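Notebook open, coffee poured. I want to see how the sheet and the core fit together here.

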Amino acid sequence: MSRAWDDEAEAAAADAEWPTPERIGSDLPPVPQMDVEELLPPPLAGYVRDAAHRKVAPPEFVAVSLLVSLGALIGARCGVRPKLLDDWIVVPNLWGAVIAPPSKKKSPSMADGVKPLKWLAANARAKHAKAMEGYHEEVEQHDVMVGAAKKAMQKAAEKADDEAVQSAKARLAALKQSKPQPPVMKRYTTNDATIEKLGEMLVENPQGLLTERDELAGLLLSFEKSGHESDRAFYLEAWNGTDGQEVDRVARGSLYIPNLALSVLGGIQPERLEKYLDSAAKDTGNDGLLARFQLTVWPDPLDFEWRDTAPDKILRDAVYRIFEVLDDDDFIGAWGAEPADQFRRIPSFKLSPAAAQAFIAWDTDLQKEVMPSCAPVLQEHFGKYEKLVAGLALILDMAERADGSGAIGPIREKPMLRAIAWADFLSEHARRVYHLWMHPEVRAAQKLSEALLQRKLPDPFSTADVQRKGWSGLGSPKEIAAAVEFLESTGWVRATPKPEIPTAGRPAKTYGVNPKIHAINAKEEPTKPIKPPKGELNRLNRVSSSVCEDDFSDDDGIDFEGIKS
C-alpha cells in the first residue's frame with residue numbers, strides 16, 4: 001500500500017509542476033445575421049426569405065446565388081461607370097461562394113437562387129429545338145434547289161449553251177452564299193467545361209456565362225492539374241468581364257472572344273477550404289484568385305427543423321418576371337444607358353449625383369481607414385470591393401426597374417446604399433474566411449493538439465515522430481516546429497531535460513505532454529471519448545483573435561472549457 005501511495009504522490013507532484021494548459025482556440029470570428037429587407041429590394045427579399053425558410057437554411061445561401069445569377073444575366077451587355085468623367089466601366093459578373101459543412105442545405109439553397117436563370121435556359125432550349133425544326137426544313141429545300149441548279153448546269157453543258165452554263169453557275173454561287181445556318185442556342189450557365197469550350201460558347205454568347213459548381217473545390221483543384229496551367233489565367237482574366245481575347249491554337253485555329261466575362265458560383269466545405277488555403281499559403285505566387293470571390297458567405301449553421309410548406313407563388317412569379325425582363329436586350333436602351341462608342345465597348349450607366357457622393361465617401365473610407373489597418377491578404381480582398389459595390393448597385397437598380405419602378409437614367413442612390421451595406425456585411429464574412437489563412441501556425445497547433453488528446457503520439461515525442469505520421473498541415477519541419485512552439489507557449493508540451501549521461505550521437509529533442517489535458521478531458525467526457533469526424537475538432541476549435549492583428553491571447557485566461565469542444 002505504501003508503495004502505491006508513494007507512486008500516486010509522486011505522480012501528483014509531477015502533475016503539479018505543469019502549468020494549467022490554455023485553450024488552443026475558440027469559435028471563428030462572428031458574422032452578423034443577414035437583414036434581408038435591408039440588403040435586397042422587394043420581391044427579391046421576399047423570395048430569399050421564403051426559400052430559406054422552407055429549406056431551414058441561412059438566407060445568405062439563396063441571396064448570394066440570386067445576385068450572382070442576376071449579374072450573369074446582365075453580364076457584359078451593359079456596365080456602370082463609377083466615375084463621372086473617367087471611362088472606367090464595371091461589368092456585374094460577380095463571383096460567389098457558399099461555405100458550410102456537409103448537409104447544411106448549400107446545394108438546394110443555391111439551386112433556388114439559380115432557378116430563374118435555369119428557367120430562362122429551359123425556354124431557350126425549347127425555342128432552339130423549334131428553330132432547329134425549321135432549319136432542317138430549310139436545309140432540305142436548299143439541297144433540292146442546289147440539286148436542280150447542278151442538273152441545269154449539266155444539261156446546259158451538254159448542249160454547249162455557254163449562256164445557260166454561266167446562268168446555272170451564278171445560281172449555284174448564290175445558293176452557296178444563302179446556305180441556311182444552324183440557329184445558335186442562347187446559353188446562360190455551364191457546369192463543367194474546358195476553357196477551349198468556354199471560349200467557343202462565349203463567342204456565341206458575348207453577354208457572358210455563369211460557371212456553376214456544386215462543389216467549388218473541384219474547380220479550384222482543376223487549375224493545378226497537369227496540362228491545365230492556362231485555365232487559371234483564363235478565369236482570372238474573365239473576372240474583369242470588359243475585355244476581349246484572341247485565342248490561337250494549332251488544332252482549333254484562331255478564335256476571338258468579344259467579351260471574356262464569366263460569373264462563378266459554387267459551394268465548399270470548411271475543411272476543403274482550409275486545405276485550399278494551406279496550399280495557397282505555400283504557393284509563392286498568390287494571384288488573388290480567392291479575392292475575386294467577393295460574394296462569399298460563411299454563416300453560422302441553423303439547427304434542423306422539419307418544415308413542409310408550399311413556395312410563395314406570387315413572389316416566385318415576380319422574381320421570374322424580373323429575370324424575363326432583364327433577358328430582353330431592349331432594356332438597356334429603354335432605361336437610359338449611354339450607348340457604346342469607340343472609347344467604351346459596351347453600353348453603360350452613370351451614377352446619379354447622390355449615388356456618386358455615397359460611393360466616393362465609402363471608397364475613401366475603405367482606402368484610407370479600413371484597408372491600411374488590415375493584413376495584406378485582407379487588403380487585397382477589400383481592394384476588389386470597388387467592382388463589388390458598383391456591380392451590385394447596377395444589379396439591384398436593374399432588378400427594381402424590371403419589377404416596374406419605371407426609373408430611367410443613372411444608377412440611383414438607394415441601390416448604391418444597399419450595395420455599400422452588402423460590402424459591410426460581406427467584409428465580416430471575409431474576415432472569417434481569411435482567419436484561416438492568416439494563422440497557419442495556430443491551425444497546425446490545433447491539429448497537433450488533437451493528436452495529443454487522442455494519444456496518437458508517444459509521450460515524450462519528437463518532431464520526427466510527428467513528421468512520420470504524414471498528417472495534412474504537419475508535413476514539413478517548419479510547420480511542426482511552429483505547432484510545437486505554439487503548444488509550448490500555451491502549456492500543452494515542454495521540452496524534456498537532456499539526459500545526464502551522454503549518449504552516442506546527438507540526442508533527439510523530445511517534448512513531454514502536459515498530463516492535465518487528459519485529466520480535463522476525463523472530467524468533460526466521463527465515458528470513453530468518441531472520436532469526432534476527421535477535421536471536425538479542428539473546425540470547432542478556432543482562434544478568436546481579430547484577423548487584422550496577430551494576437552493569440554485568450555480572453556478567458558485560465559479557462560478549460562473548449563480545450564476539446
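**Sheet first, then core**

I started with one residue pair: A97 sits opposite T296 in strand 8. I kept in mind that this is a predicted model.

That pair led me to the strands around it. Strand 2 and strand 8 run parallel and are joined by 3 bridges. On strand 7, strand 2 pairs over 5 bridges, again in the parallel sense, and W95 stands opposite V264 there.

Is strand 2 buried or exposed? I checked: 5 of its 5 residues are buried, so the rest of the structure largely encloses it. Both faces are covered, with W95, A97 and I99 buried on one side and G96 and V98 buried on the other.

Next I wrote down the whole sheet. It is open, has 5 strands in the order 3-4-7-2-8, and pairs in parallel. Strand 3 (189–190) and strand 8 (295–297) are the edges; each has a single partner strand, so one side of each lacks a neighbour in the sheet. I then looked at what packs on the sheet: helix 16 touches strand 2 (95–99) and strand 8, and its direction makes about 55° with that of strand 8.

I also looked up strand 4 (209–215), which runs parallel to strand 7 (262–268) with 6 bridges between them. L210 faces S263 across that pairing.

Last, the core. The largest nonpolar core has 123 residues, and L40, Y235, L326 and W422 have the most contacts inside it. Helix 16 (413–438) gives the most to this core, 14 residues. I followed L40 and found contacts including L67, L396 and W422. I noted a second, separate core of 21 residues, with I24, V442, L474 and I480 among them.

Key:
Residues are numbered from 1 along each chain as its sequence is written. This is a predicted model: local features need pLDDT of at least 70, side-chain atom pairs count only at pLDDT 80 or more; totals for chains, interfaces and linings use all residues. Side-chain values use heavy atoms; hydrogens and water are left out. A nonpolar core is a set of buried Ala, Val, Leu, Ile, Met, Phe, Trp, Tyr and Cys residues joined through side-chain atoms within 4.5 Å. Buried means under 20% relative accessible area, exposed over 50%, partly exposed in between (1.4 Å probe, protein chains only). Helices (H or I, at least four residues) and strands (E, at least two) are DSSP runs, numbered from the N terminus. Contact means heavy atoms within 4.5 Å. Two strands pair if DSSP finds at least two bridges between them. Axes are lines fitted to C-alpha atoms, for helices over the stretch in contact, and angles run from 0 to 180 degrees between N-to-C directions. Lists of a residue's contacts leave out its neighbours within four places in sequence.
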